[in-house]
Amino acid sequence: MLAVQLTTWGAEPVLRDIPVPLPRGEELLLQVTAAGLCRSDLHVMDAPAGSFDYPLPLTLGHEVAGTVVDVGPDADSALLGEAVVVHGVWGCGSCRSCARGRENYCLRLRPRPDGRLAPIGNGLGHHGGLAQAMIVPSSRFVVPADGVNPVACAPLAAAGLTAYYAVREHLDLIDESAICLMIGIGGLGHLAIQVLRDLGVGRIVAVDTRSDALDMARRLGADTALADLGSARSALEDGADLVFDFVGSPETTASAAAVLAPGGRLAVVGSAGGRLEVGKDVGLAAGWRVTAPFWGPRSDLMAVVDLARRGALHMTATTYPLTDAIEVYRRLRAGDITGRAVLVPPLLTG
């Protein structure tokens with residue numbers, strides 16, 4: 001089968017021909033129907049050797065929708081033929097975080113003592129879904145996805161789940177009077193706007209430097225769409241109750257914190273190198289709270305799929321054949337993609 005694999009740290013991936021894996025134990029074999037690309041993949045590719053405790057070659061792809069086509073001897077054969085989306089955080093299932101339903105904070109997925117990042121799940125330490133097929137260790141890591149187009153479903157595994165979880169953590173502040181500032185209307189931000197609208201938030205102010213992203217924000221329900229944070233700060237005289245920074249750059253994070261209303265919260269979701277000094281004496285609004293949410297638990301992925309199934313969450317995605325993966329990664333790096341890029345592999349034969 002074809003697979004997009006990282007073979008050398010600090011280099012582009014390559015398209016390779018590799019054997020189709022066979023499921024053992026509780027494993028499931030998925031025929032991949034769609035796989036989304038994520039900027040997190042670029043961070044993995046660019047990392048110097050020794051940053052990640054990931055074996056190479058590594059098949060990339062942590063946003064995966066597929067169909068169960070084979071199961072190991074200890075797995076439930078009733079899953080054969082089921083359409084699923086893969087939860088990309090492969091927690092241990094037994095630590096206190098997993099027992100609380102917070103698999104995204106599994107204690108076994110912490111960085112190694114030497115600082116190397118441990119494998120997380122498919123495409124991030126374990127072989128992922130930028131291939132015609134992939135292995136999933138257990139049915140614990142899949143969510144039923146019947147009734148949802150695979151191209152729309154695959155990015156829900158990371159983009160949709162991360163956006164939903166970032167918002168869901170603040171349900172106590174989301175009502176008809178809440179004011180939210182959304183920074184970065186890309187693959188995650190455009191989904192977060194829809195989640196907020198579904199929850200009945202009062203006002204959404206969107207910020208992005210790209211005119212097409214601002215147009216998309218308006219279509220999806222943003223009340224105001226602006227090209228810079230300075231304009232947003234002027235428009236929010238009393239500050240924002242919730243600020244979601246889906247960029248996380250040095251230019252956005254500190255400015256985002258300055259827009260907080262008293263008791264406001266900043267969620268830094270993007271990972272573009274931003275830094276923020278916090279304290280009670282650095283000029284932040286009283287009662288500030290800063291979070292850095294990571295991905296999301298399986299239960300939230302189920303909720304995201306349900307949102308898509310009932311038509312409350314629409315994915316803006318462009319499809320490409322799997323064989324175009326390297327060029328599409330280049331476009332992703334250049335910021336030349338609006339919404340999500342989704343690769344569609346050719347079907348397995350035999």
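In this predicted model, Thr-253 has contacts well beyond its own stretch of chain: with neighbours within four places in sequence set aside, Thr-253 touches Asp-245, Gly-248, Leu-266, Val-268, Gly-274, Arg-275 and Leu-276. Thr-253 belongs to helix H8, which covers residues 253–258. The relative accessible area of Thr-253 is 3%, and since anything under 20% counts as buried, Thr-253 is buried.

Ala-261 tells a similar sort of story, this time from a strand, namely E15. With a relative accessibility of 6%, Ala-261 falls under the 20% cut-off and so is buried as well. Its contacts, again leaving out residues up to four places away in sequence, are Asp-238, Gly-239, Ala-240, Asp-241 and Ala-285. As for long-range separation, Ala-261 and Leu-347 sit 86 residues apart in sequence, and their C-alpha atoms are 52 Å apart in space.

Strand E15 takes us to the sheet around it. Six strands make up an open sheet with parallel pairing, and the order reads E13-E12-E11-E14-E15-E16. Strand E13 (224–226) and strand E16 (289–291) are the edge strands; each has a single partner strand, so one side of each has no neighbour in the sheet. Going from one strand to the next, the twist averages 15°. Within this sheet, strand E14 (residues 240–245) and strand E15 (residues 260–268) are joined in parallel by 5 bridges, and Phe-244 is found opposite Ala-267 in E15. Helix H5 packs on this sheet, where it touches strand E11 (179–183), strand E12 (203–207) and E14. The direction of H5 makes about 165° with that of E11; angles over 145 degrees count as roughly antiparallel, so H5 and E11 fall in that class.

H5 also has a helix for company. The axes of H5 (residues 189–198) and helix H6 (residues 211–220) come within 9 Å of each other and cross at roughly 20°. That angle is under the 35 degree limit, which means H5 and H6 are roughly parallel. Their crossing is right-handed. Which residues of H5 and H6 meet? On the H5 side they are His-190, Ile-193, Gln-194 and Arg-197, and on the H6 side Met-216, Ala-217 and Leu-220. Sorted by class, the residues in this contact are 4 nonpolar, 2 polar and 1 charged.

A second helix pair has another geometry. Helix H4 (residues 159–168) packs against helix H9 (residues 298–309) at an angle of about 105°, and their axes are 9 Å apart. An angle of 65 to 115 degrees counts as roughly perpendicular, and H4 and H9 are therefore described that way. H4 brings Gly-160, Leu-161, Tyr-164, Tyr-165 and Arg-168 to the contact, while H9 brings Asp-300, Leu-301, Ala-303, Val-304 and Leu-307. By class, that contact has 7 nonpolar, 1 polar and 2 charged residues.

Turning to antiparallel pairing, strand E3 (residues 28–36) is mostly covered, with 8 of its 9 residues buried. E3 pairs with strand E5 (residues 63–71) through 8 bridges, and the two run antiparallel; Leu-30 faces Val-68 of E5 there. Another antiparallel pairing links E3 to strand E9 (residues 133–136) by 4 bridges, with Leu-29 opposite Ile-135 in E9. Strand E18 (residues 340–344) is also an antiparallel partner of E3, over 2 bridges, and here Gly-36 has Val-342 as its bridge partner.

Finally, there is an open sheet of 3 strands, antiparallel in its pairing and ordered E2-E1-E4. Strand E2 (14–17) and strand E4 (58–59) are at its edges, each with a single partner strand, so each has one side left without a neighbour in the sheet. Strand E1 (residues 2–6) is joined to E2 in the antiparallel sense by 4 bridges, and Val-4 has Leu-15 in E2 as its bridge partner.

Conventions
Residues are numbered from 1 along each chain as its sequence is written. This is a predicted model: local features need pLDDT of at least 70, side-chain atom pairs count only at pLDDT 80 or more; totals for chains, interfaces and linings use all residues. Side-chain values use heavy atoms; hydrogens and water are left out. Axes are lines fitted to C-alpha atoms, for helices over the stretch in contact, and angles run from 0 to 180 degrees between N-to-C directions. A crossing is left-handed if the near helix is turned anticlockwise from the far one by less than a right angle, and right-handed if clockwise. Contact means heavy atoms within 4.5 Å. Ala, Val, Leu, Ile, Met, Phe, Trp, Tyr, Cys and Pro count as nonpolar, Asp, Glu, Lys and Arg as charged, and the others, Gly among them, as polar. Buried means under 20% relative accessible area, exposed over 50%, partly exposed in between (1.4 Å probe, protein chains only). Two strands pair if DSSP finds at least two bridges between them.
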